[in-house]
Amino acid sequence: MQLLDNHVVLVTGGGSGLGLGVARHCLAEGARVAIFEVSESKVRQLQEAFGPDVLVMQGDVTRAADLQACRAAIVERFGRLDALIGAQGIFDGNLPLRETPLERVDSLFDEIFHVNVKGYILSAHIFADLLEASQGAIVLTTSTAAYAADGGGMVYTATKGAVRSLVGQLAFELAPHVRVNAVAPAGIAGSQLRGPRALGLEEQKQSDIPKDAFLSMFKSLSLLQELPTPEDHGPLYAFLASRHNKIMTGQTVVADQGLLNRAVLKAPH
Ligand SMILES: NC(=O)c1ccc[n+]([C@@H]2O[C@H](COP(=O)([O-])OP(=O)(O)OC[C@H]3O[C@@H](n4cnc5c(N)ncnc54)[C@H](O)[C@@H]3O)[C@@H](O)[C@H]2O)c1
């Protein structure tokens with residue numbers, strides 16, 4: 001008996017990084033998996049890599065029609081949905097307030113909030129009835145940026161705070177049928193988190209940051225010094241997505257290698 005036997009799991013933003021690692025873990029735990037992803041090239045690669053085992057669909061979480069098409073494909077293929085895992089996101093390039101041109105604030109705000117927040121609201125709206133029918137779960141992705149400064153710029157940070165609040169409200173509204181929780185990671189190895197078009201940073205990815213520089217900074221600050229891989233997050237997401245979670249709803253689990261558990265800056269070891 002595996003953790004996700006008899007579970008159908010959808011991962012939005014599952015084309016790379018965290019979502020892809022979590023999707024692979026869910027598969028290994030016995031789930032039937034669907035991935036919804038905006039990047040056409042990632043979708044093609046995943047369709048080739050997984051073959052018919054995984055339903056990989058191209059679409060944009062900011063567009064209700066794309067999510068409805070995804071819902072229809074899931075119902076046709078699997079007839080049910082047990083867990084919605086939200087893993088999409090885009091970053092704001094860490095841009096400080098004073099370096100953000102005033103005339104870009106509107107487009108920057110809209111672009112990042114639409115993907116990072118509205119995408120989760122639309123997904124919850126469109127899949128809620130399937131999840132209620134299966135007594136299922138929603139697991140969203142926020143960030144340590146929702147708890148502490150300097151995990152992103154002002155817009156990214158505001159979106160992650162919004163997701164942290166959203167899980168509380170969704171847990172309240174969908175109880176007792178659907179459990180709703182979130183995970184707040186810190187750094188993730190191999191992330192391709194991209195910047196916003198509004199700043200011309202859509203080609204900039206987190207994986208472009210020189211690995212050694214990022215790794216040594218992360219290791220100097222976190223208690224568990226390894227930068228986690230997306231797969232390392234798999235068991236936590238899988239548990240929250242599973243019917244084995246009978247004890248948590250409305251919560252955000254800070255999964256940060258102990259990064260925030262510091263009051264004084266000195267080397268931990
Ligand atoms: N990378 C980190 O250090 C880190 C830290 C904390 C939280 N997070 C969060 O983890 C989540 C996953 O990020 P990641 O680091 O794995 O980045 P990633 O870019 O590798 O994965 C995100 C995926 O979402 C997809 N996506 C973006 N916009 C979309 C849209 N409109 N519709 C559908 N799919 C879309 C991307 O194409 C990508 O495949 C994000 O919510 C991110 O904010 C990341």
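## Strands 1 to 3

Which residue in strand 2 is the bridge partner of Val9? The partner is Val33, and a word of caution comes with that: we're looking at a predicted model here. The pairing belongs to a parallel arrangement in which strand 1 (residues 8-12) and strand 2 share five bridges. To get from one strand to the other, follow helix 1 (residues 17-28): strand 1, helix 1 and strand 2 together form a right-handed β-α-β unit.

Strand 2 has a partner in strand 3 (residues 55-58) too, again running parallel, with four bridges between them. One spot to click on is Phe36, which stands opposite Met57 of strand 3. The connection goes through helix 2 (residues 40-50), and this β-α-β crossover from strand 2 to strand 3 is right-handed. As for strand 2 itself (residues 32-37), five of its six residues are buried, so the rest of the structure largely encloses it.

## Around strand 5

Now jump along the chain to strand 5 (137-141). Here five of the five residues are buried, so this strand is largely enclosed by the rest of the structure. Side chains in a regular strand alternate between the two faces of the sheet. In strand 5, Ala137, Val139 and Thr141 point one way while Ile138 and Leu140 point the other way, and all are buried.

Strand 5 has neighbours to look at as well. Strand 4 (83-86) runs parallel to strand 5 and is joined to it by three bridges, with Ala83 standing opposite Ala137. Between the two strands the chain passes through helix 4, in a right-handed β-α-β crossover. Strand 6 (179-185) also pairs with strand 5 in the parallel sense, over five bridges. Ile138 has Val180 of strand 6 as its bridge partner. Helix 5 completes this part of the picture: strand 5, helix 5 and strand 6 make a right-handed β-α-β unit.

## The ligand and its shell

There are 29 residues around the ligand, and the ones that come nearest are Leu18, Glu37, Tyr156, Ala186 and Ser191. By type, the shell splits into eleven nonpolar, 14 polar and four charged residues.

If you want specific polar atoms to look at, try Asp60: a polar atom of its side chain sits 2.8 Å from a nitrogen atom of the ligand. Backbone atoms take part too. A polar backbone atom of Ala186 is 3.2 Å from an oxygen atom of the ligand, and a polar backbone atom of Gln192 is 2.9 Å from an oxygen atom of the ligand. On its own the ligand would expose 830 Å², and the protein buries 96% of that. The elements giving two or more residues to the shell are helix 1, helix 4 (105-134) and helix 5 (154-174).

## Two loop residues

Thr100 sits in the loop between strand 4 and helix 4. Is Thr100 buried or exposed? Its relative accessible area is 9%, and the cut-off for buried is under 20%, so Thr100 counts as buried. A polar atom of the Thr100 side chain lies 2.9 Å from the backbone oxygen of Pro96.

Tyr147 is in the loop between strand 5 and helix 5. With a relative accessible area of 32%, Tyr147 is partly exposed. Tyr147 and Ala184 are 37 residues apart in sequence, yet their C-alpha atoms are 9.0 Å apart in space.

## Backbone oddities

Most residues other than glycine have a negative phi, and most peptide bonds are trans. With that in mind, have a look at Asp150, which isn't a glycine but has a positive phi of about 75 degrees. You'll find Asp150 in the loop between strand 5 and helix 5, where it is exposed, at 68% relative accessible area.

Gln257 is another non-glycine residue with a positive phi, about 60 degrees in this case. Gln257 comes in the segment after strand 7 (252-255) and counts as buried, at 14% relative accessibility. Then there's the peptide bond between Ala175 and Pro176, which is cis, with omega about 0 degrees. Pro176 lies in the loop between helix 5 and strand 6.

How values were computed
Residues are numbered from 1 along each chain as its sequence is written. This is a predicted model: local features need pLDDT of at least 70, side-chain atom pairs count only at pLDDT 80 or more; totals for chains, interfaces and linings use all residues. Side-chain values use heavy atoms; hydrogens and water are left out. Buried means under 20% relative accessible area, exposed over 50%, partly exposed in between (1.4 Å probe, protein chains only). Two strands pair if DSSP finds at least two bridges between them. A crossover is right-handed if, with the strands pointing away from the viewer, the path from the first strand over the helix to the second runs clockwise. A residue is near a molecule or strand if one of its heavy atoms lies within 4 Å of it. A polar contact is a pair of N or O atoms within 3.5 Å; within protein, one must be able to donate a hydrogen and the other to accept it, and residues adjacent in sequence count only if both atoms are side-chain atoms. Accessible areas come from the Shrake-Rupley method with a 1.4 Å probe; for residues, only the protein chains shown count as cover. Ala, Val, Leu, Ile, Met, Phe, Trp, Tyr, Cys and Pro count as nonpolar, Asp, Glu, Lys and Arg as charged, and the others, Gly among them, as polar.
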